[in-house]
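Biologist: Thanks for sitting down with me over this one. Could you bring up the sequence and the structure so that we can talk them through?

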Amino acid sequence: MSEPEKIRVEVVDDHEMFRAGVIATLRDSFDIVGQAADVPGSVAMIAQTKPQVVLLDVHVPGGEGGGGAEILLKSRPYSPTTVFLALSVSDAPQDVGSVIRAGARGYVTKTITGTDLISSIKQVHEGYAVFSPKLAGFVLSAFQGAPLGGDGDGAPIRDEELDRLSAREQEVMRLIARGYTYKEVAAELFISIKTVETHVSSVLRKLQLSNRTELTRWAADRRIV
């Protein structure tokens, strides 16, 4: 039986040595179909090769100065099915927000291990949102320019669907929507994996959703991931 085709990945980073190291880490697990170091080159490369996943640095020179977010926005018309995973040394909320608003599926920092990076690429390719655990709070902060659950004047807007969930269910929902595994959620909230599974089942039932991919989209639509 033939082996399944490898996910086609491209790497965008302006630091040649780092880019080479990432490619060496990923080569055995993925089909590396391109690499680029600036905005114009990245957009042209994506348009030509139409990769399935682009590993994208946030701060990339060239173009109009928009970095990774600019690459994402400009290349989307050429390759609409490509998904983007930001990989950056920066954990600043404004950097996280810029690429997530532009449409990136996730954001991890360069302290990530090779094994976790491989796993993250596979997860975004499968439709999950992936964030480094330490970025969870920043992801929320990044979207507070368009207030979470607010109208701009500080007055909260009730979300009847969200209100169906208990406080603990909301915590679990947010972590799952950010791409955490059940094991990671359990560790973060100091509960058992079985309890996490129970909460996730309850969340999906209350929100009338079928799986975690739908849950991620539900949460993203409300800007609560």
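Biologist: How are α9 and α10 oriented to each other, roughly parallel or roughly perpendicular?

Modeller: A word on the source first: this is a predicted model, so local features need pLDDT of at least 70 and side-chain atom pairs count only at pLDDT 80 or more, while totals for chains, interfaces and linings use all residues. Residues are numbered from 1 along each chain as its sequence is written, and side-chain values use heavy atoms, with hydrogens and water left out. The axes of α9 (residues 182-189) and α10 (residues 193-207), lines fitted to C-alpha atoms over the stretch in contact, come within 8 Å and cross at roughly 105 degrees. With 65 to 115 degrees as the range for that class, α9 and α10 are therefore roughly perpendicular.

Biologist: Nice. How do the residues of the contact of α9 with α10 divide into nonpolar, polar and charged?

Modeller: Contact means heavy atoms within 4.5 Å. On the α9 side we have Tyr182, Lys183, Val185 and Ala186, which meet Ile193, Val196, Glu197 and Val200 of α10. Counting Ala, Val, Leu, Ile, Met, Phe, Trp, Tyr, Cys and Pro as nonpolar, Asp, Glu, Lys and Arg as charged, and the others, Gly among them, as polar, the division is six nonpolar, no polar and two charged.

Biologist: Is phenylalanine 190 buried or exposed?

Modeller: Phenylalanine 190 sits in the loop between α9 and α10, and its phi is positive, about 60 degrees, although it is not a glycine. Most residues other than glycine have a negative phi. On the scale used here, buried is under 20% relative accessible area, exposed over 50% and partly exposed in between (1.4 Å probe, protein chains only). With a relative accessible area of 76%, phenylalanine 190 is exposed.

Biologist: And how does lysine 50 count in accessibility?

Modeller: Lysine 50 is another non-glycine residue with a positive phi, near 45 degrees. Its place is the loop between α2 and β3. At 44% relative accessibility, lysine 50 counts as partly exposed.

Biologist: Let's go inside. Which residues have the most contacts inside the largest nonpolar core?

Modeller: A nonpolar core is a set of buried Ala, Val, Leu, Ile, Met, Phe, Trp, Tyr and Cys residues joined through side-chain atoms within 4.5 Å. The largest one has 24 residues, and the elements giving two or more residues to it are α2 (39-49), β3 (53-56), α3 (67-75), β4 (83-88) and α4 (93-102). A second, separate core of 21 residues includes Trp218. In the largest core, the residues with the most contacts are Val12, Ile71, Phe84, Val99, Ile100 and Tyr107.

Biologist: What do the buried residues of α3 pack against?

Modeller: α3 is mostly covered, with seven of its nine residues buried. One of these is Ile71, whose contacts beyond four places in sequence include Val12, Val43 and Leu56. The buried residues of α3 pack against β1 (8-12), α2, β3, β4 and α4.

Biologist: One last residue: how many Å apart in space are valine 58 and serine 90, C-alpha to C-alpha?

Modeller: Valine 58 lies in the loop between β3 and α3 and is buried, with a relative accessible area of 4%. Leaving aside its neighbours within four places in sequence, valine 58 is in contact with residues including Gly67, Ser88 and Tyr107. Valine 58 and serine 90 are 32 residues apart in sequence, and their C-alpha distance in space is 8.0 Å.

Methods
Helices (H or I, at least four residues) and strands (E, at least two) are DSSP runs, numbered from the N terminus. Axes are lines fitted to C-alpha atoms, for helices over the stretch in contact, and angles run from 0 to 180 degrees between N-to-C directions. Angles under 35 degrees count as roughly parallel, over 145 as roughly antiparallel, 65 to 115 as roughly perpendicular and the rest as oblique.
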